[in-house]
Amino acid sequence: MGRAAEMLGTTPNFLRSLDRTEVIVPLRSAGGHRRYSRYQLRIAARVRELVDDGTPLEAACRIIILEDQLEEAQRINAEMRSGHDEES
């Protein structure tokens, strides 16, 4: 966790708060240490950016969830469109 916090320029406490809000749920090593994926670190960096800009943590977490949902919907929409184009 310390290394991840250092990479993001934040504190371990900030990462713990993301774990508590369940925006990021890291895997655990056999010794119980948190293990973050690159994707989770990218999300943590985005939350930090929003918080640094004055967005409350809970709101920043909600924004991240909505951004992810929008990105997924756009991906599915593009796939459906390309599948429809192939049928024509």
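Visitor: Buried means under 20% relative accessible area, exposed over 50% and partly exposed in between, with a 1.4 Å probe and protein chains only as cover. What percentage of the 88 residues of the protein counts as buried?

Guide: This is a predicted model, in which local features need pLDDT of at least 70 and side-chain atom pairs pLDDT 80 or more, while totals for chains, interfaces and linings use all residues. Residues are numbered from 1 along each chain as its sequence is written, and side-chain values use heavy atoms, leaving out hydrogens and water. By the cut-off of under 20%, the buried share of the 88 residues is 27%.

Visitor: In what pattern do the helices and strands follow one another along the sequence?

Guide: Both are DSSP runs numbered from the N terminus, helices being H or I over at least four residues and strands E over at least two. The protein has four helices and two strands. Read along the sequence, their pattern is α-α-β-β-α-α.

Visitor: What is the radius of gyration of the protein?

Guide: The radius is taken over C-alpha atoms, and the globule rule is 2.2 Å times the number of residues to the power 0.38. For a compact globule of 88 residues a value near 12 Å would apply. The C-alpha atoms fill a box of roughly 55 × 35 × 20 Å along the principal axes. The radius of gyration of the protein is 17 Å.

Visitor: Which helix supplies the largest share of the largest nonpolar core?

Guide: A nonpolar core is a set of buried Ala, Val, Leu, Ile, Met, Phe, Trp, Tyr and Cys residues joined through side-chain atoms within 4.5 Å. This one has 17 residues, and L15, L18, V23, I24 and V47 touch the most other members. Helices 1 (2-8), 2 (12-20), 3 (38-52) and 4 (57-87) each supply at least two of its residues. The largest share, five residues, comes from helix 3.

Visitor: How far apart are the end C-alpha atoms of helix 3?

Guide: The expected span is 1.5 Å times one less than the number of residues. Helix 3 has 15 residues and should therefore span 21 Å. The distance between its end C-alpha atoms agrees, at 21 Å.

Visitor: Is T10 buried or exposed?

Guide: T10 is found in the loop between helix 1 and helix 2. Beyond four places away in sequence, T10 touches A5, L15 and R48 (contact means heavy atoms within 4.5 Å). Because its relative accessibility is 19%, T10 counts as buried.
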